[in-house]
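I'm opening a fresh page for this one. My plan is to look up the strands first, then the cores, then the rings.

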Amino acid sequence: MVIRQISKSTVKISLTAGELSAYQVTFSELERKTSRTLRLLSDAAVKAEEKTGLPFCTARLFVEAFSRSDGGCLLYLSVISMTENQTEQKDPVRPIVIYEFSSPHEIYQCCARLSETNAIPIRSALYARRSQGSLRLVAELSPDLHRKTVAILSEFGTAHDAERLALAQTAEHYICISKQDAVSEIAAWERLL
């Protein structure tokens, strides 16, 4: 087992075919979570930690494996730092939802309630379909307010799957009335209705 540190958080481990055989592991088995592959990876992590001082035994790891032409393999072990994990948690995926409303009054009531309860989406756009007289709201929700916002939207409108097809259909068959902050704009319609 030849271990070489190639960056501040990654080591390259070279294993021969004989070393894989000693663990009774083939290259194709490395992707499976068996007791033999876990023992091999655990031993590799211990030896890498002894050689480099990096916390391979206690930190979260990213493992990559590549076969070699001689029957051995190359393992790359990378320590996933806490700052990377924290960054991922601070910037979560923001869900997008699509809701259909049958009348301006219905969407106004919904947006007024969202505004009153401070459950306003991060971004929202309003679309109208002339042929059917329906209105469609596409909104990017805050993960913190997701449940609350969806509960209010569901009370007044009909949900649609927010997949690429539905978003493309909206862009093609509907006219955009408001692009950025439709919910706040609609909540101010009171004097119009």
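Before I write about bridge partners, a reminder to myself: two strands count as paired if DSSP finds at least two bridges between them. Also for the record, this is a predicted model.

**Entry 1: a strand pair.** I started with strand 6, residues 123-129, and strand 7, residues 134-140. They pair in the antiparallel sense, and I have 7 bridges down for them. Which residue of strand 7 is the bridge partner of S124? I looked it up, and it's A139.

**Entry 2: the sheet around it.** Next I wanted the whole sheet. It's an open one of 5 strands, and I noted the order as 8-5-7-6-9, with antiparallel pairing. At the edges I found strand 8 (158-160) and strand 9 (175-178). Each has a single partner strand, so one side of each is left without a neighbour in the sheet. I also checked the twist: ignoring direction, neighbouring strands here are turned by 30° against each other on average.

**Entry 3: a helix across the sheet.** Which strands does helix 5 lie across? Helix 5, residues 146-156, lies across strand 5 (96-101) and strand 7. I jotted down its angle to strand 5 as about 20°.

**Entry 4: the cores.** I turned to the largest nonpolar core, which has 24 residues. F101, I107 and L153 have the most contacts inside it. Then I asked which elements give two or more residues to this core. My list reads strand 5, helix 4 (104-116), strand 6, strand 7, helix 5 and helix 7 (182-187). Helix 4 gives the most, with 6 residues.

I picked I107 for a closer look. Leaving out residues up to four places away in sequence, I107 touches F101, L126, L135, L137, I186 and W189. Another core lies apart from this one; it has 18 residues, and V11, L20, C73 and L77 are among them.

**Entry 5: the rings.** How many aromatic pairs does the structure hold? I got 1. The rings are those of F66 and Y76, with centres 5.8 Å apart. Why is the pair edge-to-face? Their planes stand at 80°, and over 60 counts as edge-to-face.

I placed F66 in strand 3 (residues 61-67) and Y76 in strand 4 (residues 73-79), so the pair ties together parts that are 10 residues apart in sequence. Last, I looked up whether each one is buried or exposed. F66 is partly exposed, with a relative accessible area of 40%, whereas Y76 is buried, at 18%.

Methods:
Residues are numbered from 1 along each chain as its sequence is written. This is a predicted model: local features need pLDDT of at least 70, side-chain atom pairs count only at pLDDT 80 or more; totals for chains, interfaces and linings use all residues. Side-chain values use heavy atoms; hydrogens and water are left out. Helices (H or I, at least four residues) and strands (E, at least two) are DSSP runs, numbered from the N terminus. Axes are lines fitted to C-alpha atoms, for helices over the stretch in contact, and angles run from 0 to 180 degrees between N-to-C directions. Contact means heavy atoms within 4.5 Å. A nonpolar core is a set of buried Ala, Val, Leu, Ile, Met, Phe, Trp, Tyr and Cys residues joined through side-chain atoms within 4.5 Å. Buried means under 20% relative accessible area, exposed over 50%, partly exposed in between (1.4 Å probe, protein chains only). Rings of Phe, Tyr and Trp (its six-membered ring) pair if their centres lie within 6.5 Å; planes under 30 degrees apart count as stacked, over 60 as edge-to-face and the rest as tilted.
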